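Below is a short briefing on one protein chain. The notes are grouped by topic and are meant to be read with the structure in view.

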Amino acid sequence: MSSEVSTRRDAKKLVRSPSGLRMVPEHRAFGSPFGLEEPQWVPDKECRRCMQCDAKFDFLTRKHHCRRCGKCFCDKCCSQKVPLRRMCFVDPVRQCAECALVSHKEAEFYDKQLKVLLSGATFLVTFGNSETSETMICRLSNNQRYLFLDGDSHYEIEIAHISSVQILTEGFPPGGSNTRATGMFLQYTVPGMEGVTQLKLTAAEDANVGRRQAVAWLVAMHKAAKLLYESRDQ
């Protein structure tokens, strides 16, 4: 990838929306696949009462719009200002209690797991039905749109084209406290090609720092996949 293309992918600009300042990609096509679009606000004329507690709006009871869902609430039901990174807001924004709870949970992904994905980890990578594997460093691109795999060769997988993520574990019972991640199956489509392509990531067997980093990367990628599917369902 040329440095010019990379710069275009990562370029951002500051814009002002009715909800606040947002730092968005300069080119919409290079936006994060985990992002959410700003919702349409419920028109003031259609909102006479709080959509949570049913309090009637008047001179003393003011209405507020939740920046995440766009619904109308009174101050009591929409008082929290919480970071909303999936919509690229620079500062914390007003959200209803339900949306604030979701945004708080997502903050862990941006504060912890996203950094793990950007840092990358080393895996044995097997493409399709190949019987051979290649040691590669897997990491998320800075603009969160691509999965880079670097070894003797270089591959780029567009995150938006990933159709299935299955984490591989060992330990009993499945999902119990003794279970640990050992690898992952990824299925994705390639533009211009028919069908689905599959690759397998396998963490090294030795119990060193590299393995712990690989396991943390797998867990973070699994969380990223959940956010990706939520974005598609928006």
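Contacts between residues 24 or more positions apart make up 45% of the chain's contacts with a separation of 6 or more. The model is predicted. Its chain has 234 residues, 38% of which count as buried, and contains three helices and 13 strands. About 13,800 Å² of the chain is exposed, with 51% of that supplied by carbon and sulfur atoms.

**Salt bridges**

- Side chains of opposite charge can pair when their charged atoms come close. The count of salt bridges here is seven.
- Asp 75 and Arg 94 form one of them, with 3.2 Å between the closest N and O atoms. Because Asp 75 lies in the loop between β4 (72-74) and β5 (80-82) while Arg 94 lies in strand β6 (residues 93-95), this pair ties together parts 19 residues apart in sequence.
- The two partners are covered to differing extents: Asp 75 is partly exposed, at 42% relative accessible area, whereas Arg 94 has 17% relative accessibility and counts as buried.
- Glu 170 forms a salt bridge with Arg 180, and the closest N and O atoms of this pair are 2.3 Å apart. Glu 170 is in strand β11 (residues 162-170) and Arg 180 is in strand β12 (residues 180-188), so the bridge ties together parts that are 10 residues apart in sequence.
- Both ends of that bridge are partly exposed: the relative accessible area is 33% for Glu 170 and 37% for Arg 180.

**Glu 106 and its surroundings**

- Which residue forms a salt bridge with Glu 106, with the closest N and O atoms 2.8 Å apart? The partner is Arg 86.
- This pair links distant parts of the chain, as Glu 106 belongs to helix α2 (residues 97-119) and Arg 86 to the loop between β5 and β6, 20 residues apart.
- Is Glu 106 buried or exposed? Its relative accessibility is 5%, so Glu 106 counts as buried, the cut-off being under 20%. Arg 86 is buried as well.
- Salt bridges with shared partners join Arg 68, Arg 86 and Glu 106 into one network.
- Apart from neighbours within four places in sequence, the contacts of Glu 106 are Arg 68, Arg 86, Leu 227 and Glu 230.

**The β1-β2 hairpin and a nonpolar patch**

- Strand β1 (residues 12-17) pairs with β2 in the antiparallel sense, over six bridges.
- The two strands, β1 and β2, form a hairpin that has two residues between them. Ser 17 stands opposite Gly 20 in β2.
- Met 23 is placed in strand β2 (residues 20-25) and is partly exposed, with a relative accessible area of 36%.
- Leu 14, Met 23 and Val 90 make up a nonpolar patch on the surface, and together they have about 260 Å² of accessible area.

**Cysteines**

- A disulfide is a covalent bond between the sulfur atoms of two cysteines. How many disulfides does a search of the whole structure find? The search finds zero.
- For Cys 78, the closest cysteine sulfur is that of Cys 66, at 5.2 Å, which is too far for a bond because a disulfide requires sulfur atoms within 2.5 Å. Cys 78 is buried, with a relative accessible area of 0%.
- For Cys 96, the closest cysteine sulfur is in Cys 99; the distance is 3.5 Å, again too far for a bond. Cys 96 counts as buried at 5% relative accessibility.

**Val 42**

- Val 42 is located in the loop between β2 and β3 (63-65).
- Val 42 and Gly 70 are 28 residues apart in sequence, and their C-alpha atoms are 6.0 Å apart in space.
- Gly 70 is also one of the residues that Val 42 touches when those up to four places away in sequence are not counted. The others are Cys 47, Met 51, His 65, Lys 71 and Cys 72.

Technical notes: Residues are numbered from 1 along each chain as its sequence is written. This is a predicted model: local features need pLDDT of at least 70, side-chain atom pairs count only at pLDDT 80 or more; totals for chains, interfaces and linings use all residues. Side-chain values use heavy atoms; hydrogens and water are left out. Helices (H or I, at least four residues) and strands (E, at least two) are DSSP runs, numbered from the N terminus. Buried means under 20% relative accessible area, exposed over 50%, partly exposed in between (1.4 Å probe, protein chains only). Contact means heavy atoms within 4.5 Å. Accessible areas come from the Shrake-Rupley method with a 1.4 Å probe; for residues, only the protein chains shown count as cover. A salt bridge is a side-chain nitrogen of Lys or Arg within 4 Å of a carboxyl oxygen of Asp or Glu. Patches are made of residues with over 30% relative accessible area and no salt bridge: like charges are joined within 9 Å, nonpolar side chains (Val, Leu, Ile, Met, Phe, Trp, Tyr) within 5 Å. Two strands pair if DSSP finds at least two bridges between them.
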